[in-house]
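Good morning, colleagues. Thank you for the opportunity to introduce this protein to the group. Please take a moment to look at the sequence and the structure before I begin.

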Amino acid sequence: MKQMFDYAHSVFPMDKWFHSMGAFEISGSGDRAEAHWRWFVYWKAEHVGIVSTGTYDDILERRDGVWKCLERTSKSDPNWPVDLFQPFLDQADITFKAS
């Protein structure tokens, strides 16, 4: 988990990008639910704007009155032009710093 965090924040420095979640749908009944979210990654430097979009599909369960996320699947938008996002991944070896 720590290695994944280090990688993500080296490739996407917090001062230059942000991630937001948009509209969502929740369905289910009883103590189980599913949520479908839209997400966006914005690169704030050099006025680039949105560099990737996609979805999260979550499976949630209520345990002792508290909702917990059991599973999250993230999918990148297949219609988004990969060439906008690829330069950030290509720089990973250069920008990666373990803490």
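Let me begin with a term. A residue is called buried when its relative accessible area is under 20%, exposed when that area is over 50%, and partly exposed in between. I should also say at once that what you see is a predicted model.

I turn first to the overall layout. The protein contains three helices and four strands. Read from the N terminus, the elements follow the order α-β-β-β-β-α-α. Of the 99 residues in the protein, 22% are buried. The protein exposes about 7200 Å², and carbon and sulfur atoms supply 57% of that area. As for contacts between residues at least 6 apart in sequence, 45% of them join residues at least 24 apart.

Next, the strands. How do strand 2 and strand 3 pair? They run in the antiparallel sense, with twelve bridges between them. Within this part of the protein, W43 stands opposite G49 of strand 3. Strand 3 also pairs with strand 4, again in the antiparallel sense, over ten bridges. Here L60 has C69, in strand 4, as its bridge partner. Strand 3 and strand 4 form a hairpin, and two residues lie between them. One residue in that turn, D64, has a positive phi of about 50°.

I now come to the charged side chains. Side chains of opposite charge can pair when their charged atoms come close. How many salt bridges does the structure hold? It holds five, and I shall describe three of them in detail.

Consider R32 and E61, whose side chains meet in a salt bridge with an N to O distance of 3.3 Å. R32 belongs to strand 2, residues 32-43, and E61 to strand 3, residues 49-63, so the pair ties together parts that are 29 residues apart in sequence. Is E61 buried or exposed? With a relative accessible area of 21%, E61 is partly exposed, because that value falls between the 20% and 50% limits. R32 is likewise partly exposed, at a relative accessible area of 42%. There is a further partner to mention: R32, E61 and R63 are linked in a network of salt bridges.

The second example is R38 with D77. Their closest N and O atoms are 3.7 Å apart, and the two residues form a salt bridge. This pair links distant parts of the chain, with R38 in strand 2 and D77 in the loop between strand 4 (66-76) and helix 2 (86-90), 39 residues apart. R38 counts as partly exposed, at 28% relative accessibility. D77 is partly exposed as well, with a relative accessible area of 22%.

The third example joins D58 and R72, whose side chains meet in a salt bridge at 2.8 Å, N to O. D58 lies in strand 3 and R72 in strand 4, 14 residues apart, and the pair links distant parts of the chain. Which of the three terms applies to D58? D58 is buried, with a relative accessible area of 4%. R72, on the other hand, counts as partly exposed, at 43% relative accessibility.

To close, let me return to strand 3. This strand pairs with strand 2 over twelve bridges and with strand 4 over ten. It also carries E61, the salt-bridge partner of R32, and D58, the salt-bridge partner of R72. Thank you for your attention.

Notes: Residues numbered from 1 in each chain as written. Predicted model: local features only at pLDDT ≥ 70, side-chain atom pairs only at ≥ 80, totals over all residues. Heavy atoms only, no water. Buried < 20%, exposed > 50% of the residue type's maximum accessible area, 1.4 Å probe, protein only. Contact = heavy atoms within 4.5 Å. Areas by Shrake-Rupley, 256 points an atom, 1.4 Å probe, with all protein chains shown as cover. Salt bridge = Lys/Arg side-chain N within 4 Å of Asp/Glu carboxyl O. Pairing = 2+ DSSP bridges.
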